[in-house]
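Notebook open, model loaded. I want to go through one pocket, a couple of sheets, some helix pairs and a few backbone oddities.

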Amino acid sequence: MRAAIFKGKGEIAVEDRPKPTVREPTDAVVRVVLACVCGSDLWFYRGLSRHRHGGVGHEFIGVVDEVGEAVTNVRPGDFVISPFSWSDGTCRNCAAGFHTACVHGGFFGQGGDGDGGQAEYVRVPQADGTLVAVPATDLSERTMASLLALTDVMATGHHAVVSAGVEHGDTVAVVGDGAVGLCGVLAAKLLGAERIIVLGSTHTDRHRLAREWGATDIIDVRGDDAVAALKELTGGFGADAVLECVGTKEATATAFAVAAPGAIVGRVGVPHGVELDGEGTFYRNVGMRGGPAPARAYQPELLKLVLDGAIDPGRVFDLTTDLEHIADAYAAMDERRAIKALVKVSER
């Protein structure tokens with residue numbers, strides 16, 4: 001099969017690799033129809049985090065090709081979505097809604113000999129607890145893109161909102177206008193936020209989508225200027241809830257600085273070089289929750305919303321390539337020429 005392979009900083013190649021097979025009775029093999037490039041992939045692509053060379057990618061949807069003898073929830077031919085991590089769905093952590101902390105779990109696309117989702121086929125451990133079968137059969141390309149968004153980016157934006165405790169009528173600050181931040185806007189609107197303030201870049205295409213999804217205000221400056229602008233918009237008090245959707249030191253500092261006393265910062269950006277102001281947050285009673293999104297916990301609810309036409313998160317994809325040109329997708333996202341790249345791997 002063909003698969004995207006991380007070769008080192010700035011280098012993604014597409015190479016032949018053995019087609020994965022069922023190794024354990026709880027495995028399934030999925031033929032990938034759509035995959036995509038994640039903002040978190042850019043950390044290792046830019047050389048800012050260590051990553052083993054090998055198969056990459058953790059966002060994919062496709063058709064079940066083969067199942068192990070213990071798999072009962074899906075069968076060959078089923079169209080499925082996968083979260084970016086696998087989980088058994090039955091351990092204590094899964095039962096509590098934190099599938100990314102499953103005692104038998106792991107993450108796709110970690111390089112080395114592991115299976116990556118940016119490939120023609122992927123082995124899915126713990127298939128019964130991981131894969132979600134899509135009940136609909138007549139799916140448009142637009143719906144398929146939205147289903148792909150549920151594998152990570154929409155679930156992650158939703159997790160930021162849930163972690164921050166967004167309530168009806170709240171003023172919500174969203175730090176970051178990438179794909180996760182934009183999905184955070186959509187999720188905050190769903191949960192009843194009255195005012196949604198996006199702190200991000202100067203990219204008007206991102207601003208346009210943010211406003212269509214519910215953003216009421218856009219702040220296109222950074223650092224102290226961004227903090228001052230948000231405080232002015234909120235009468236000096238700050239936001240009732242904050243979504244940190246980037247993970248950098250500056251973004252995290254901004255997120256905590258714009259939080260009103262008593263607010264919670266929902267952190268979903270993978271932290272790099274982050275430092276927290278323990279004393280400052282203490283005296284303002286500012287809390288913090290979040291981490292890797294337990295996408296599997298949210299997918300049934302979000303899947304229904306997509307199929308009902310209530311949300312259309314696939315609109316974050318503004319570039320499409322095929323698998324052979326996935327290196328172009330990485331480059332476009334790295335250079336901020338694209339919000340998020342969709343990769344067509346095969347036909348449904």
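**Pocket lining.** I sorted the lining of the second largest pocket by residue type and got eight nonpolar, four polar and six charged residues. Note to self: this is a predicted model, so every value here is computed from predicted coordinates. The lining runs to 18 residues, and the volume of this second largest pocket comes out at about 340 Å³. Which residues lie nearest the centre? I noted down L34, E141, M144, L342 and K344.

Next I looked up where the lining comes from. Four elements each give two or more residues to the second largest pocket: β3 (28-36), α4 (141-149), β17 (319-322) and β18 (341-344). Which element gives the largest share? That is α4, with three residues.

**α4 and its partner.** Since α4 had come up, I checked its packing against another helix. I find α4 packed with helix α11 (residues 295-307), the axes 10 Å apart and the angle about 165°. The cut-off for roughly antiparallel is over 145 degrees, so I put α4 and α11 down as roughly antiparallel to each other. For the handedness, I have α4 passing α11 in a right-handed crossing.

**A second helix pair.** I then pulled up helix α8 (residues 223-233) and helix α9 (residues 249-257). Their axes come within 10 Å and cross at roughly 25°. Anything under 35 degrees counts as roughly parallel, so α8 goes down as roughly parallel to α9. The crossing of α8 and α9 is right-handed.

**Six-strand sheet.** What is the strand order in the open sheet of six? I read it as β13-β12-β11-β14-β15-β16, and the pairing is parallel. At the edges I have β13 (217-219) and β16 (287-290), each of which pairs on one side only. I also looked up the twist: neighbouring strands of this sheet are turned by 20° against each other on average, ignoring direction.

I zoomed in on one pair from that order. Strand β11 (residues 171-175) and strand β12 (residues 195-199) run parallel and are joined by five bridges. Which residue of β12 is the bridge partner of A173? I found I197 there.

**Three-strand sheet.** There is also an open sheet of three strands, in the order β2-β1-β4, and here the pairing is antiparallel. Its edge strands are β2 (11-16) and β4 (54-55), with each pairing on one side only. Between strand β1 (residues 2-8) and β4 I count two bridges, and the two strands run antiparallel. Looking across from I5, I see G55 of β4 standing opposite.

**Backbone check.** Last, I went through phi. Most residues other than glycine have a negative phi, so positive values are what I flagged. Q126 has a phi near 50°, positive although the residue is not glycine. Where is Q126 found? I located Q126 in the loop between β9 (121-124) and α3 (127-130).

R336 went on the list too, with a positive phi near 60°, and R336 is likewise a residue other than glycine. I find R336 in the loop between α12 (326-334) and β18. That brings me back to the pocket, as β18 is one of the elements giving two or more residues to its lining.

Definitions and conventions: Residues numbered from 1 in each chain as written. Predicted model: local features only at pLDDT ≥ 70, side-chain atom pairs only at ≥ 80, totals over all residues. Heavy atoms only, no water. 1 Å grid on protein atoms, 1.4 Å probe; cavity = no way out; pocket = protein on both sides within 12 Å on 5 of 7 lines; lining within 4 Å. Points joined across faces, edges and corners; volume = space filled by probe spheres on them. Nonpolar A, V, L, I, M, F, W, Y, C, P; charged D, E, K, R; others polar. Pairing = 2+ DSSP bridges. Axes fitted to C-alpha atoms, helices over the stretch in contact; angles between N-to-C directions. Parallel < 35°, antiparallel > 145°, perpendicular 65-115°, else oblique. Left-handed = near helix turned anticlockwise from the far one by under 90°.
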